[in-house]
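Open the structure in your viewer and keep the selection tool at hand. This tour tells you what to select, stop by stop.

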Amino acid sequence: MSGGGPGAANADDRRRAARRPRSPLRRGEGRVAWLLLSPWTVGALLLTIGPAAVSLYLSFTDYDLFDAPHWIGLRNYTTMFTHDPRYWDAVRVTARYVVLVVPIKLALALAVALLLNRKRVGQGFYRSAFYAPSLLGASVAVALVWRALFSTGGTADRLLSNIGIHTGGWIDQPQYALYTLVLLGAWQFGAPMVIFLAGLKQIPGDLYEAAAIDGAGRIRRFWSVTVPMLSPVLLFNLVLETIHAFQAFTGAFIVSSGRGGPGDSTLFYTLYLYQRGFTDFRMGYAAAMAWILLLALGVLTLVLFATARRWVFYAGQERS
């Protein structure tokens, strides 16, 4: 008679359960699950994973869209980093744009969200009005209007000339052209504003009441209550808007007529990628640029999440 306690008996039960064939009902449930997942699976393979794999392969080839790709190894990457000064110009312009537009955009979004968080007549209309630029800002039509506003002899030029400021058209001046795109990007603060507004609605009112009882004024309540409680939302918006800023394309393409001028002052990374792929027909080089951008965004996102431990506060968490 073999010995053993309850543990041995449980192990025997598990082995018998593992050997027991699955019931037809459970097999049917598995097939239904895979059937329901099949549209997403096929879409991911055909529209995301497949094109990404092809793009990675093309980044190691010389491909001009017309002839078959020719394997050249790391030559696209070495050329990019060591023999292409315009690539580094694009990196500098894009980094400068991101550093300028993201803080301005988030500050405007938070300021307007704080105003709209108060109950007032026509609140729904104001929310829709401030959100509308986010729907229109990336369109070609708005970019054309922006170009007309800031070109030589445009509305902005005439208004500044009337008050004695003669700068000429902003989009025609290398020192000012980028700022027109910063204004265009910051003008589209509707999406982060809505997210900030949703976060403000989740802050308990008793926190503000307790702070007021302790004698905290509006500014003190903002920094001691609103900012800490809103910090997870701020992190989300910061990551999202940083990625969007690096991907900016339409405004730079329309305002500069696809050239990134004047003097490469609006040569965004995505615009230069487009030029390499669809103007110079160096699709392998453009694919390599796309993968470097993806890796850079991945590293930057990891850095933001790593540093978030120092300034992001979650409800129920003790502040150090």
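**Stop one: a residue at the surface**

Select Val42. Its relative accessibility is 43%, so Val42 counts as partly exposed. Keep in mind that you are looking at a predicted model.

Now color helix H2, residues 24-58. Val42 sits in this helix.

Add Leu45, Leu46, Leu47 and Ile49 to your selection. Together with Val42, they make a nonpolar patch on the surface. The accessible area of the five adds up to about 530 Å².

**Stop two: an enclosed helix**

Next, select helix H8, residues 177-187. How many of its eleven residues are buried? Eight are, so helix H8 is largely enclosed by the rest of the structure. Buried here means under 20% relative accessible area.

Show the side chains. The buried residues of H8 are Ala177, Leu178, Thr180, Leu181, Val182, Leu184, Gly185 and Ala186.

What do these buried residues pack against? Color three more helices to find out: H4 (85-116), H6 (140-150) and H12 (250-255). The buried residues of H8 pack against these helices.

**Stop three: the whole chain**

Zoom out and select everything. The protein chain has 14 helices and two strands. Of its 320 residues, 36% count as buried.

Switch on the surface. The chain exposes about 19,500 Å², and carbon and sulfur atoms supply 66% of that area.

Last, look at contacts along the chain. Take those with a separation of 6 or more: 67% of them join residues 24 or more positions apart.

How values were computed: Residues numbered from 1 in each chain as written. Predicted model: local features only at pLDDT ≥ 70, side-chain atom pairs only at ≥ 80, totals over all residues. Heavy atoms only, no water. Helix = DSSP H or I, 4+ residues; strand = E, 2+ residues; numbered from the N terminus. Buried < 20%, exposed > 50% of the residue type's maximum accessible area, 1.4 Å probe, protein only. Contact = heavy atoms within 4.5 Å. Areas by Shrake-Rupley, 256 points an atom, 1.4 Å probe, with all protein chains shown as cover. Patch = residues over 30% accessible without salt bridge, like charges linked within 9 Å, V, L, I, M, F, W, Y side chains within 5 Å. Salt bridge = Lys/Arg side-chain N within 4 Å of Asp/Glu carboxyl O.
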